[in-house]
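I opened my notebook to look up how helices pack, where empty space is left and which backbone angles stand out. My entries follow the order in which I looked.

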Amino acid sequence: MSDSTPESTAPDRPDATVHDPRGLPRRPGRASRPRSWASVWLTALSLPPLALLAAAAWFGRSVRPGADDWCFLPTVRDHGVTGLIGRFYFDDNGRVANAVLVGAYAKFQIAGHQWFGLVTGVLTLAVLWAAAVLALRRLRLSVPRGLPLLVAAMATALFLFVTPNTYKTFYWPAASVSHTMPPVLACAALLPFLGARSPRGRGAALAVALVVGLAVGTLSEETAIVVAVLLVTVLVLSGRAAAGPFRRFLRLWCAAGITGVAAGAVVLITSPGSNTRRDRFGAGTTSMVAPESLAASLRGFAEIALTVATTWQYIGAVAVGVLLGLLCRRPDGSTPRPPAHWLPTACAAVAALLVSGFLCTVVTYPVFQDRVSDPSANRLWNDYLLVYVTLLVAAGALLGVAARQRARRTGPLQAACAVLCVLVCFGPAVALLDLDTNMRARAEEWDAQDRRLREGASAGARVLPYERLVISQMLEPFSRRGRSYWPGGCVADYYRLDRVTDATRSPGHG
């Protein structure tokens, strides 16, 4: 993938002359060697986050089903993806697009769970890489080759692995489909918008915004909230942020996205499955907007914000942003300046993040109660965490541009940022290694129990004992000291049994 653009590259002719920021003529060769060296070390700097992603994908071979997965597998096996769509819409939660994605991996049974991390990790990296390249092209900025890849790789690593519970964020497909991948899908809708140059391209971008908005609306209530808040914010700021024909296109694109999200939300909210879910958890509109629920949601979101803000590894996003600000340049080789209205735009972006995060907490609080801010429920934060990482990169870029205008030498600052990019990868690497050890141990026990249950069912047994195999605080049958049977019924369906019993209790235990 090329990191440069027709608008931002130097002339191709050997005798071409460009000008330095002072307006003096210079030969292209004067800048080619430093730019080439920058491309080399920036590409090398991408290796640590890319290695994290590669290792995490390889460790995915030890993933085995748990919690909701037990219920999806027999449904897709016996009734196909359409059966799962019907179950979601009529009985579970109304998330039609969610059912399609769950069915896509559940159709491959255990292999689908094992390959899920690789597929979604590569997809996240590809979307963010393409978005970085197209955003620079849209802004008419040139950077050394390798810098967009570094930005995308670091953002991917921070989003997926700097988390209190990587298993639920990256490895658990059911949670990833509902909270990790929807923001990536929404980000993918930016690509046609950023790349549109012709009337046909703009029309395609509007159509994609409408379709993706509809999909997000029926995929994740929380991501739909985040997307709607961000689009409304951009719509309000469009008068200052854009001019001419582009302003009209920007407003139409935002309107298309909002329309799609609203239509999807209507489909979801009016579905029988959504009504059933609200009744099951007492999560009706009245309970969500009750003063005590709003106050508790605010406390929960404050705890989440404190946890995220004090996670030092996110400084990696600022570091790559600073490198971006230090190394970018305009087509004439001059240093770009911050946008004229950067301060109100930055304030509006932060406000949109806080408002959308709080609203997501309001929506999820009736179901999770005080656990909404617990590390075991961190998957609920992912709907707006990608926005947080993006804002940190943008803030770093502004700092880099400011430093470049004031400092005579930026080499030490570049070196410091490079060191930070490497350091922030150590913590997630250690956590991944520990998680891999736990996953491999669970996989061995899971496979042994799987053989035992299959052999027992083949021998004609209708009731068999099941041993809880917990990892990363995932729910298993007989949790809460054996009081909760869920998802024991789904385990029984998976092995075609009538019921499973708690293997930790003696047969005569009451």
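Below are my notes on helix pairs, a cavity and two loop residues.

**Ground rules.** I am working with a predicted model, in which local features need pLDDT of at least 70 and side-chain atom pairs count only at pLDDT 80 or more, while totals for chains, interfaces and linings use all residues. Residues are numbered from 1 along each chain as its sequence is written, and side-chain values use heavy atoms, with hydrogens and water left out.

**H17 and H18.** I looked up helix H17 (residues 342-368) and helix H18 (residues 382-406), whose axes come within 10 Å and cross at roughly 165 degrees. Helices here are DSSP runs of H or I with at least four residues, strands are runs of E with at least two, and both are numbered from the N terminus. Axes are lines fitted to C-alpha atoms, for helices over the stretch in contact, and angles run from 0 to 180 degrees between N-to-C directions. H17 and H18 are therefore roughly antiparallel, a word for angles over 145 degrees, whereas those under 35 count as roughly parallel, 65 to 115 as roughly perpendicular and the rest as oblique. I noted that their crossing is left-handed, meaning that the near helix is turned anticlockwise from the far one by less than a right angle. Among the residues that meet (contact means heavy atoms within 4.5 Å) are Trp 342, Leu 353 and Cys 360 in H17 and Tyr 384, Leu 391 and Leu 398 in H18. The residues of this contact divide into ten nonpolar, three polar and no charged. Ala, Val, Leu, Ile, Met, Phe, Trp, Tyr, Cys and Pro count as nonpolar, Asp, Glu, Lys and Arg as charged, and the others, Gly among them, as polar.

**H2 and H20.** Helix H2 (residues 47-59) and helix H20 (residues 426-458) pack at an angle of about 5 degrees, with their axes 10 Å apart, and are therefore roughly parallel. I found Leu 52, Ala 56 and Phe 59 of H2 meeting residues of H20 that include Pro 428, Leu 432 and Asp 436. By class, this contact of H2 with H20 has eight nonpolar residues, no polar ones and one charged.

**H16 and H19.** For helix H16 (residues 315-327) and helix H19 (residues 411-423), I wrote down an angle of about 145 degrees and axes 9 Å apart. H16 passes H19 in a left-handed crossing.

**Two loop residues.** Most residues other than glycine have a negative phi, and most peptide bonds are trans. I therefore marked a cis peptide bond between Trp 486 and Pro 487, with omega about 0 degrees. I also marked Ser 472, where phi is positive, near 50 degrees, in a residue other than glycine. Pro 487 is found in the loop between strand E3 (463-466) and helix H21 (488-494), and Ser 472 lies in the loop between E3 and H21 too.

**What lines the empty space?** I listed Leu 237, Arg 240, Ala 241, His 341, Pro 344 and Thr 345 as the lining of the largest cavity. A cavity is a set of points on a 1 Å grid over the protein atoms alone where a 1.4 Å probe fits but cannot get out, and lining residues have an atom within 4 Å of a point. Three of the lining residues come from H11, the largest share.

Key: 1 Å grid on protein atoms, 1.4 Å probe; cavity = no way out; pocket = protein on both sides within 12 Å on 5 of 7 lines; lining within 4 Å.
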